[in-house]
Amino acid sequence: MAEAQKLKLIDGWEVVIGIEIHTQLATNSKIFSGSSTEFGQDPNTQASLVDLAMPGVLPVLNEKVVDLAIRFGLGIDAYIDQASVFARKNYFYPDSPKGYQISQMDNPIVGLGHIDIQLEDGTTKRIGVTRAHLEEDAGKSIHDQFEGMSGIDLNRAGTPLLEIVSEPDMRSVEEAVAYIKSIHTLVRWLGISDGNMAEGSFRADCNVSLRRPGQPFGTRCELKNLNSFRFIEQAINVEIERQMEILEYGGSIDQETRLFDPNKMETRSMRSKEEANDYRYFPDPDLLPVIIADEQIEAARAALPELPAARRARFIADFGVTEYDAHVLTLSREMADFFEAVVAAAGGAAQGKVSANWVMGEFSGALNKAGLDLADSPVSAEQLGGMIARIIDNTISGKIAKQVFGFMWESEGKSADDIIAEKGLKQETDTGAIEAIIKEVLAANEKMVEEYKSGKEKAFNGLVGQVMKASKGKANPAQVNELMKKLIG
């Protein structure tokens, strides 16, 4: 049965999930004013008269946000609307200083597109993207700093956002998280957003509903402003359980927006939605339609980096890595670039698999243990690749390489060659020297020799271990095996 036809049921219920992602675009100034978008400044120091919609001011569209939106549209193979329109989305909210939000409704800049997600079992699924439109962010309500009252920080008001709306194509929590992670990877890969979830640069609203297989969609509830992958997974699971309990006892689901409380592990009602869309839109009279020329789209296309899916396919074809390896190595553009640099320094495409193993294994483990980002690694791609080259040419063994890597991690930019020379870690490949060690080990372990001759393979491994210990790990393991068998006879 094709992947798209498989039903993922929970106690006879099918989960249906659609997701709206808000990602802050990587601009220095806001979408309709010159105010700074820098994070972490004192409250209300970055809100201009334009952001506050004071009388007599006019918004001016930031040209860069259009280029970034086009880049995203091309990244998901979407339709680009060359005549998009801004509208005023009218609603009251305390941290919205205008009483409306400038957004796009009828003519979003990015139309139908798609993105392929990879699931834990190695299968892929295509998720449709309905649209992606430009809009401004609201301010922020602060409830925990003042007793008996709330504060309003308008620094974020007017910050440029791209709202990415999926089709209701996801049928499990796993698919929802995989989709959000894929979009997160893409916006960072394309350089249109830093994707910093802790700073509010990337957040998701998850629409969850249940239905019996083959029935129309159920009533959905929106889980608002989830800003970590862990919270997204927890919130959807909690909401599925809540809705299932109501429906199993014959109740009905009210369409509403809900908030997730990770401390109580529950969702609670934020506001009801009596209609599918309870806002009122009309074209913004202060903003002209956005007209995009063919040349602007083609310039954006020419500037696109190689996309994650294409890079995964190339890694598999050129470097002989597995699909899983390729997926992990392209979780970020920085990691993919690092891996390619390691392969080049290690000796080229033929060393792709061993390079992948080191990047995903020892190297990534050291980064995680130290709590470092890739950019802060004390070992460069050229250093790591150079060390792998010494494994390939038998200067060191894989076991000794772990020692070399440890010294490189603690050193100030020393190469593997420097460390091998300084620490005397070069692998012993002289046949005469290895034979001498083997003869000593065989003479001291006659019982193990007899056990091996009687068919016990473990005894042979024990003898090899004794030789490696006697050589302080420097003997070439392949030579040890070959010479040991020859000498035992």
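**Exercise 1.** Does R258 count as buried or exposed, and at what relative accessibility?

*Solution.* The model is predicted: local features need pLDDT of at least 70, side-chain atom pairs count only at pLDDT 80 or more, and totals for chains, interfaces and linings use all residues. Residues are numbered from 1 along each chain as its sequence is written, and side-chain values use heavy atoms, without hydrogens and water.

Step 1. Buried means under 20% relative accessible area, exposed over 50%, and partly exposed in between (1.4 Å probe, protein chains only).
Step 2. R258 has 8% relative accessibility and therefore counts as buried.
Step 3. The residue lies in strand β13, residues 256-261 (strands are DSSP E runs of at least two residues, helices H or I runs of at least four, numbered from the N terminus).

**Exercise 2.** Identify the largest nonpolar core and the helix that contributes most to it.

*Solution.* Step 1. A nonpolar core is a set of buried Ala, Val, Leu, Ile, Met, Phe, Trp, Tyr and Cys residues joined through side-chain atoms within 4.5 Å.
Step 2. The largest has 65 residues, and I19, F72, I164, Y179 and I236 have the most contacts inside it.
Step 3. Helix α2 (residues 173-189) supplies the largest share, nine residues.
Step 4. A second, separate core of 36 residues includes W189, A346, I391 and W409.

**Exercise 3.** Describe the open sheet that contains β4.

*Solution.* Step 1. Three strands are ordered β5-β4-β15 with antiparallel pairing (pairing requires at least two DSSP bridges).
Step 2. The edge strands, β5 (100-103) and β15 (280-283), each pair on one side only.
Step 3. Four bridges join β4 (residues 87-90) to β15, with R88 opposite F282.
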